[in-house]
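Reader: I'm new to this, so could you walk me through a structure with a few questions and answers?

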Amino acid sequence: MCIFCDIVSGKAPSRKVYEDEQVIAFKDIYPQAPVHILIVPKKHIASVVEVSDEDGPLLVDIVTAAKKIAEQQGVAKRGFRLVANNGPDGGQTVNHLHFHLLAGDVMGRMC
Ligand code: 5GP
Ligand code: ZN
């Protein structure tokens, strides 16, 4: 049972902004920036640690989706941040791989 699998299957609602064969993207329920989109593979992969060699094309699709969403949201030129939190120390709270696309403000440095 996973909330993002429920969103992928349509069992749970979301404010969808993008979808293709392998990926869905929707607005984060608790936005941390003026634009805060979650990019989620339809396949359940728990985190970056669970990614395997066969997921290569899927990762290309995720990055391509990020580019398209940034253009669609009008933030491609000014820029955005793409973040995947992993594991407890990384602050991951949903154990289904996802990338946060954050934009619309100048991001503080993280490192
Ligand atoms: P994480 O903390 O794992 O990096 O990111 C999980 C994100 O999912 C959080 O930013 C949280 O606000 C968002 N989130 C959790 N549950 C839901 C939900 O049911 N719908 C949506 N749209 N976002 C959710
Ligand atoms: Zn899942």
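**Around the ligand**

Author: Sorted by class, the shell around ligand 1 holds 8 nonpolar, 6 polar and 2 charged residues. Here Ala, Val, Leu, Ile, Met, Phe, Trp, Tyr, Cys and Pro count as nonpolar, Asp, Glu, Lys and Arg as charged, and the others, Gly among them, as polar. This is a predicted model, where local features need pLDDT of at least 70 and side-chain atom pairs count only at pLDDT 80 or more, while totals for chains, interfaces and linings use all residues. Residues are numbered from 1 along each chain as its sequence is written, chains are lettered from A and ligands numbered from 1 in the order in which they are written, and side-chain values use heavy atoms, with hydrogens and water left out.

Reader: How many residues surround ligand 1?

Author: A residue makes the list if one of its heavy atoms lies within 4 Å of the molecule. Lys27, Asp28, Asn85, Thr93 and His100 are the closest, and the full number around ligand 1 is 16 residues.

Reader: Which element gives the largest share of the shell around ligand 1?

Author: Helices (H or I, at least four residues) and strands (E, at least two) are DSSP runs, numbered from the N terminus. Helix H1 (3-9) and strand E2 (23-27) each supply at least two residues. The largest share is 3 residues, and they come from H1.

Reader: How far is the side chain of aspartate 28 from an oxygen atom of ligand 1?

Author: Let's start with two backbones: an N or O atom of lysine 27 lies 2.9 Å from a nitrogen atom of ligand 1, and one of glycine 91 lies 3.2 Å from an oxygen atom of the ligand. For aspartate 28, a side-chain N or O atom and a ligand oxygen are separated by 2.5 Å.

**Away from the ligand**

Reader: Why does aspartate 55 count as buried?

Author: Aspartate 55 lies in the loop between strand E3 (35-41) and H2. Buried means under 20% relative accessible area, exposed over 50%, partly exposed in between (1.4 Å probe, protein chains only). Aspartate 55 counts as buried because its relative accessibility is 3%.

Reader: And what is the relative accessibility of glutamine 72, which counts as partly exposed?

Author: Glutamine 72 sits in helix H2 (residues 56-72). Valine 17 is 55 residues away from it in sequence, yet their C-alpha atoms are 8.8 Å apart in space. Glutamine 72 counts as partly exposed because its relative accessibility is 44%.

Terms used. A polar contact is a pair of N or O atoms within 3.5 Å; within protein, one must be able to donate a hydrogen and the other to accept it, and residues adjacent in sequence count only if both atoms are side-chain atoms.
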